[in-house]
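Please open the structure in your viewer and keep the sequence beside it. The stops below are meant to be followed in order, with a selection made at each one.

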Amino acid sequence: MALHLKAIKSPSGRLSLSNCFIVNEADFPDEEIQHVRFRSVGHQEFIYSILKTSEVKHGTVGVSLIQRKWTSIALNQVLEVHPHKFPANSNLNSITLEADFLQKSRVSQEPYDTDKMSEVLIDQFCNRAFSEGQPLVFTYGDKKYLQLIVQKMDVLDPKKALASESNFEPMKVSKGVISGNTRIIFEKAEGSALNLVGKSKGKSATQSIINTEWDFTKLGIGGLDKEFSTIIRRAFASRLFPAELTEKMGVKHVKGILLFGPPGTGKTLMARQIGKMLNCREPKIISGPEILNKYVGESEANIRKLFAEAEEEQKKHGVNSGLHLIIFDEFDAVCKSRYSYGSGGTGVQDSVVNQLLAKIDGVEQLNNVLLIGMTNRKDLIDEALLRPGRMEVQVEISLADEPGRLQILEIHTRALRENNLLSSDVDLAELAAQTKNFSGAEIEGLVRAAQSNAMNRFLKMETTLEIAPDAVSKVLVKPTDFNHALEHDIKPAFGASDDDLEYFVLNDIIRWCPMIEQIISDGKLLIEQTKVHDSSMGPVSVLLE
C-alpha cells in the first residue's frame, strides 16, 4: 500500500547520521515494515530503511541533506513511498565503501583504523538497506566526519557454495542489507588525504562466513581431509544460508565441536585453522586450567566472560549477529563428569560444568557462538555436554594413515623443497611407509631431527663450536639424515615397541604343546585382520586368559 509523505529536513543531526528515512510511528504501525522504496523525478528507484519516531509529524518524512542531493528530493515535495521487503538471500557478504573527508577544507593526517571503523559501522547500520552509489555520512569516536559512497556489494549464493568443492564467486548485487557477518572494505577516494590503516583497508578478497579455499596443504593440516570435511558439513553448512531463511526453518546452528584423540595428532592445529578460515569475531583461545580460580565464584565468572560479547551482540542484532568462536584446549580439565570423581574439594568443577551448560543450552540460548573443545580423554567429560544441542559434533582425530603421513611430510618439508635443500633421492613416500604409528607432531619432530643431522655435518667441534665456511652453500638434507633420526632420535609413542618385541622373542617362542601352536596361529590371523581392518567396523578384540 502506497503512502504519500511530504519531505522535510531530518529533525536532528543524530537522526541525519542514521542513513534512514525518518517517519512517524503512526504512518507505519506494522513492525515488520523496515524499508521503503520510491521513484525519483527521473523514475530511478531508491530503497531506504526507515526509523520510526515521534520527532516528525504524521504524513511527513525526514530526509537528510546528503539523501536529498542523491535522490533529487526537494523540501516539501510529496513522495509516494511503498513498503519494501528484501528477498531471503539479501544479507550482504561484502560491501566496498569509498571514503573521504566530508569537509575537504578540514583534513587530518591522523590514522583512521578501518578495523574499528568496520565494527562501528556494522553496529550502527546492521539490518539497514544500502544501494550501489549511495552516499552517507559516517564518524566514530571523536574523528572528523567522513563521506562514504557505496562502490560495490555482493551476496553469497548458498546453493552454489554447498555444491562447489572449490572456489566460487559471490553474486554482485545493486541493493542489499548489512548484517553482522558482512565484510566491510574501505577504499580511499582518489586524491584524498585520508590516512586509512588496518586490515579492512583497500581492495581485499571477499570473505563469507567460510573461506571456501579449502586447500588442506596450505592450511598446514595433513592427513585430516575427511575429518575436516565432516566438520565443515556438520557445523558450518547451515551458516552459509541467509539468517532470515534459517530463522523461518527453525534451524539451530551447531554450537559445539569436540575434537578428541591421542596427543600430537593435530587437534589444536585444526581448531586454530578453523578460526583462521572463518569470517568471525577474533577467536578466544583458552586452556582449561586457566578457567579455574581459587576464589569462590571466580571460575564460573570466567566462563560467563567468554560468552559476554556474544550475548551483547545477539541482543543488539539478533539473527544477524556475527559468529563468536571460543577455542577451549584441555577441555577435560574443567569438564569432568559431575558427582563421579573423588575430588575432595568444593565442587568447583561441578559448578563450572553447570555454568557452561547454562551458557551453551540454557534458558537464553545463544545462536551466534561456536565452542571448539579439544581433549585426549573424551571418557572423562560429563555426558550432559556430549548430547545433541551442546558439543554435538564429535570428531576423532586419530593417527594418520600412510597417505595422510605423506601429506604431513610434504607440509613439513615444503620449505626444504622450495629452497632446494632436500636431496632429490629423499623418498617421502618411503618415509611415510616407515613412519607407521607416528603422530603428526612426531613426524614434524622427525623432520626437525633430520635437519639437525644435516647441519651437524658442518659443525666443527674443536676448542669451540664453529660452522664450516661452506656450510650455507652445501647443507643438504639427505636420506641418511632421516634414517639416523628414525633409528636414534624419534620413536612413536603408540604401537608395538620393536626393541621390546625382539628382546622377548630373541630365541623364538618355545612351542611346547599344540595349544601354543594354536595361540600363535590365532595371533597371526588377528594380525592379518588388523592390517586390512576397516575402522568403521569397530576394533578387533581379543580376550587373553
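In strand 20, which residue is the bridge partner of L259? Select L259 together with V395, since V395 is that partner, and bear in mind throughout that this is a predicted model.

**The open sheet**

Widen the selection to strand 16, residues 256-260, and strand 20, which pair in the parallel sense over four bridges. These two belong to an open sheet of five strands, in the order 17-18-19-16-20 and with parallel pairing. Strand 17 (284-287) and strand 20 (393-396) stand at the edges, and because each has a single partner strand, one side of each is left without a neighbour in the sheet. Looking across the sheet, you should find a twist that averages 15 degrees from one strand to the next. Before leaving this region, add F260 and K378 to the selection: the charged end of K378 sits over the ring of F260, 4.5 Å from its centre.

**The aromatic cluster**

Next, select F21, F38, F46, Y48 and W70, which form one aromatic cluster; a search of the whole structure finds ten aromatic pairs. Begin with F21 and Y48, a stacked pair whose ring centres are 4.6 Å apart, with 15 degrees between the planes. This pair links distant parts of the chain, F21 being in strand 2 and Y48 in strand 4 (residues 45-53), 27 residues apart. F21 is buried at a relative accessible area of 1%, and Y48 is also classed as buried, at 0%. Turn then to Y48 and W70, whose arrangement is edge-to-face, with 6.4 Å from centre to centre and 80 degrees between the planes. Since Y48 lies in strand 4 and W70 in helix 2 (residues 65-71), this pair ties together parts that are 22 residues apart in sequence. W70 itself is partly exposed, with a relative accessible area of 22%.

**Helix 3 and its ends**

Now select helix 3, residues 114-125, and start just before it at D113, which caps the N-terminal end: a side-chain oxygen of D113 lies 3.0 Å from the backbone nitrogen of D115. At 1.5 Å a residue, the twelve residues of helix 3 should span 16 Å, and the end C-alpha atoms are indeed 16 Å apart, which agrees. Colouring by accessibility will pick out the buried residues of this helix, namely T114, M117, S118, V120, L121, I122 and F125. After the helix comes N127, whose phi is positive, near 70 degrees.

**Two more asparagines**

Most residues other than glycine have a negative phi, which gives a reason to inspect two further positions. N19 has a positive phi of about 60 degrees and is found in the loop between helix 1 (13-16) and strand 2 (20-24). N420 has a positive phi of about 55 degrees and is placed in the loop between helix 13 (414-418) and helix 14 (428-434). Is each of them buried or exposed? N19 is buried, with a relative accessible area of 3%, whereas N420 counts as exposed, at 62%.

**Last selections**

Finally, select Q103 in the loop between strand 7 (94-101) and strand 8 (111-113), where Q103 is partly exposed, with a relative accessible area of 44%. Add Y145, which is 42 residues away from Q103 in sequence and 7.6 Å away in space, C-alpha to C-alpha. To finish, select K143 and Y112, where K143 lies over the face of Y112 at 5.2 Å from the ring centre.

Notes:
Residues numbered from 1 in each chain as written. Heavy atoms only, no water. Pairing = 2+ DSSP bridges. Axes fitted to C-alpha atoms, helices over the stretch in contact; angles between N-to-C directions. Buried < 20%, exposed > 50% of the residue type's maximum accessible area, 1.4 Å probe, protein only. Expected span 1.5 Å × (residues − 1). Polar contact = N/O pair within 3.5 Å; in protein donor to acceptor, adjacent residues only side chain to side chain. Phe/Tyr/Trp six-rings, centres within 6.5 Å; stacked < 30°, edge-to-face > 60°. Lys NZ or Arg CZ within 6 Å of the ring centre and 35° of its normal.
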